[in-house]
Every structure is written in structure tokens, then in C-alpha cells.
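Colleague: Before I use these labels myself, I would like to go through the reasoning behind them one at a time.
Modeller: Then let us put each value beside its cut-off and see what follows.

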Amino acid sequence: MIKILALLACLAVAVFAQYPGHGYEHKEQYAHPKYKFEYGVKDPHTGDHKTQWEVRDGDVVKGQYTLHEADGTERVVDYKSDAHNGFEADVKKVGHAHHPQHYASHPAPAPAPAHYGHGHGSGASYVNVDKHY
């Protein structure tokens with residue numbers, strides 16, 4: 001009987017030595033971040049035109065955004081970021097800048113009334129988010 005108790009005691013010590021938390025093994029919880037999204041606005045009344053998309057898989061993020069500038073050009077920014085290289089952006093200006101001509105003999109037209117809020121006017125926008133693509 002003493003030999004059996006000694007054997008059980010040795011087994012218990014061996015088991016608890018493997019799991020220092022009294023039989024409880026702690027594991028770090030890590031959720032792998034992964035998502036993609038895109039959105040855009042195209043409002044002919046205000047001239048607000050822009051888009052963006054982004055994809056993330058772990059520590060790597062890639063994306064692009066575009067917007068129409070007041071001078072008629074389009075700004076395009078491609079970007080990426082990761083733990084090894086950090087954040088990098090490539091900014092391009094597409095098109096040729098032009099400015100409206102103003103003539104002194106004709107008064108400037110009065111600005112159109114502003115429309116605020118969602119769903120007003122003829123503009124369009126969208127958003128698309130996928131957390132687990």
C-alpha cells in the first residue's frame with residue numbers, strides 16, 4: 001500500500017511539474033487581425049469625388065485613396081505598412097491643373113444653397129466592410 005501511495009505521489013509531482021499553475025496551462029490568446037473595406041463618394045453638385053480601400057492581414061496593411069482636387073487634378077495615394085518596413089506612401093497627382101477664368105464684365109453667379117444631411121441631392125456614396133474575407 002505504501003508503494004502505491006508513493007507511486008501516486010510521484011505521478012502527481014510529475015504532472016504538476018509540467019503545468020506550474022496547479023494543472024492549469026496558460027496560453028496567450030491572439031486574434032489574427034484580418035479585414036478589408038472600401039468606400040466612395042461621388043457628388044456632382046459639390047464636386048466631392050473620393051474613394052478608399054484597405055486590406056489588412058496580420059501586421060501587413062495595404063490600401064489606396066483617391067480624391068479630386070479643386071484644381072481639377074486627382075490625388076492618388078498608395079500606401080502600405082508592416083512591422084519590417086514601417087509606413088510607406090506613394091503620392092501621385094494625375095491630370096493637369098486648371099483654374100476657372102473670371103471676367104470683370106460679368107458678375108459671379110450666386111452660390112447654390114447648401115444641402116446638408118444624408119440622402120439629399122443627387123450624390124452617391126457607399127461603404128463595404130468585410131472583417132473576415
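**Salt bridges, exposure and ring pairs**

Modeller: Arg75 forms a salt bridge with Glu69, and the closest N and O atoms are 2.6 Å apart; please keep in mind that this is a predicted model.

Colleague: Why is the contact between Arg75 and Glu69 called a salt bridge?

Modeller: The label requires a side-chain nitrogen of Lys or Arg within 4 Å of a carboxyl oxygen of Asp or Glu. The N and O atoms of Arg75 and Glu69 are 2.6 Å apart, so the pair meets that limit.

Colleague: What makes Arg75 count as partly exposed?

Modeller: The class covers values between the buried limit, under 20%, and the exposed limit, over 50%. Arg75 has a relative accessible area of 29% and its partner Glu69 has 26%, so both residues are placed in that class.

Colleague: How do you know that Glu88 and Lys80 form a salt bridge?

Modeller: Their closest N and O atoms are 3.9 Å apart, and because the cut-off is within 4 Å, the pair still qualifies. In terms of exposure, Glu88 has a relative accessibility of 33% and Lys80 one of 44%, so each is partly exposed, the exposed class beginning over 50%.

Colleague: Which parts of the chain does the salt bridge between Lys92 and Asp78 link?

Modeller: The side chains of Lys92 and Asp78 meet at 3.4 Å, N to O. This pair links distant parts of the chain, with Lys92 in strand β5 (residues 86–94) and Asp78 in strand β4 (residues 74–82), 14 residues apart. Asp78, at 23% relative accessibility, counts as partly exposed, and so does Lys92 at 37%.

Colleague: How many salt bridges does a search of the whole structure find?

Modeller: The search finds five, the pair of Arg75 and Glu69 being one of them.

Colleague: Turning to the rings, why is the aromatic pair of Tyr35 and Phe37 called stacked?

Modeller: A search of the whole structure finds two aromatic pairs. In the pair of Tyr35 and Phe37 the distance is 6.4 Å centre to centre, with 25 degrees between the planes. Centres must lie within 6.5 Å and stacked planes under 30 degrees apart, so this pair satisfies both conditions.

Colleague: Are Tyr35 and Phe37 buried or partly exposed?

Modeller: Tyr35 has a relative accessible area of 23% and Phe37 one of 22%; because buried means under 20%, both count as partly exposed.

Conventions
Residues are numbered from 1 along each chain as its sequence is written. This is a predicted model: local features need pLDDT of at least 70, side-chain atom pairs count only at pLDDT 80 or more; totals for chains, interfaces and linings use all residues. Side-chain values use heavy atoms; hydrogens and water are left out. Buried means under 20% relative accessible area, exposed over 50%, partly exposed in between (1.4 Å probe, protein chains only). Helices (H or I, at least four residues) and strands (E, at least two) are DSSP runs, numbered from the N terminus. Rings of Phe, Tyr and Trp (its six-membered ring) pair if their centres lie within 6.5 Å; planes under 30 degrees apart count as stacked, over 60 as edge-to-face and the rest as tilted.
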